[in-house]
Amino acid sequence: MEVVIKEKEITWKPHPTAKGVEIKVLLSKKEHGTDITLMLVKGRKGAEVPEHVHENADDIIYPISGKFKMWVEGTGEIEVEKGRIIRVPKGVKHKVYGVDEDYVVLDIFSPAIM
């Protein structure tokens, strides 16, 4: 079954653990029966996402705008900006910090986390 999603009709919601960060869930297992979770993540300058891990899903980050730093266990510090794709394998700790300007990323989790 094909589903058409209109991103502009979905509202931003506060990130569950990060102040100054919002999410917009575009595709989810719960709502759409998909094997991935696809969301937009919007962060404000200075907002950080604390160290965390996704035990059962790879986290693929595609920056649309803005710049920030990300620490990934086993890799170290990464400069995140448009044109880079970051894949954090399941079970790997990571965090977002050093947010120099507001950002938006497309965040994909495989398999779905919600």
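Is Lys42 buried, exposed or partly exposed? In this predicted model, Lys42 counts as partly exposed, because its relative accessibility is 27% and the partly exposed class runs between 20% and 50%. Its salt-bridge partner is Glu22, with the closest N and O atoms 3.5 Å apart. This pair links distant parts of the chain: Glu22 sits in strand 2 and Lys42 in strand 3 (residues 37–43), 20 residues apart. Glu22 is also partly exposed, at a relative accessible area of 22%.

The model holds four salt bridges by the rule applied. Side chains of opposite charge can pair when their charged atoms come close. One of the four joins Glu7 and Lys24, at 2.6 Å from N to O. Glu7 lies in the segment before strand 1 and Lys24 in strand 2 (residues 21–27), so the contact ties together parts that are 17 residues apart in sequence. Glu7 is partly exposed, with 32% relative accessible area. Lys24, in contrast, is buried, with a value of 5%. A further salt bridge forms between Glu81 and Arg84, whose closest N and O atoms are 4.0 Å apart. Glu81 is partly exposed at 27% relative accessible area. Arg84 is partly exposed at 36%.

Strand pairing was examined next. Six strands build an open sheet in the order 1-2-3-10-5-8, with antiparallel pairing. Strand 1 (13–14) and strand 8 (86–88) are the edge strands, each pairing on one side only. Three bridges connect strand 5 and strand 8 in the antiparallel sense. Within this pairing, Asp59 has Val88 of strand 8 as its bridge partner.

Strand 6 (residues 67–72) and strand 7 (residues 76–81) also pair in the antiparallel sense, over six bridges. Trp71 stands opposite Glu77 of strand 7. The hairpin of these two strands has three residues between them, and Gly74 adopts a positive phi near 85 degrees there.

Two surface patches complete the picture. The first is nonpolar: Tyr62, Ile64 and Ile85 together offer about 290 Å² of accessible area. Ile64 belongs to strand 5 (residues 58–65). At 38% relative accessibility, Ile64 counts as partly exposed. The second patch carries negative charge and gathers Glu77, Glu79, Asp100, Glu101 and Asp102 on the surface. Of these residues, Asp100 is found in the loop between strand 9 (94–97) and strand 10 (103–110). Glu77 is the residue of strand 7 that faces Trp71 in the hairpin pairing.

Notes. Residues are numbered from 1 along each chain as its sequence is written. This is a predicted model: local features need pLDDT of at least 70, side-chain atom pairs count only at pLDDT 80 or more; totals for chains, interfaces and linings use all residues. Side-chain values use heavy atoms; hydrogens and water are left out. Patches are made of residues with over 30% relative accessible area and no salt bridge: like charges are joined within 9 Å, nonpolar side chains (Val, Leu, Ile, Met, Phe, Trp, Tyr) within 5 Å. Accessible areas come from the Shrake-Rupley method with a 1.4 Å probe; for residues, only the protein chains shown count as cover. A salt bridge is a side-chain nitrogen of Lys or Arg within 4 Å of a carboxyl oxygen of Asp or Glu. Helices (H or I, at least four residues) and strands (E, at least two) are DSSP runs, numbered from the N terminus. Buried means under 20% relative accessible area, exposed over 50%, partly exposed in between (1.4 Å probe, protein chains only). Two strands pair if DSSP finds at least two bridges between them. Lys and Arg count as positive and Asp and Glu as negative; His and the chain ends are not counted. The place of a charge is taken as NZ of Lys, CZ of Arg, CG of Asp or CD of Glu.
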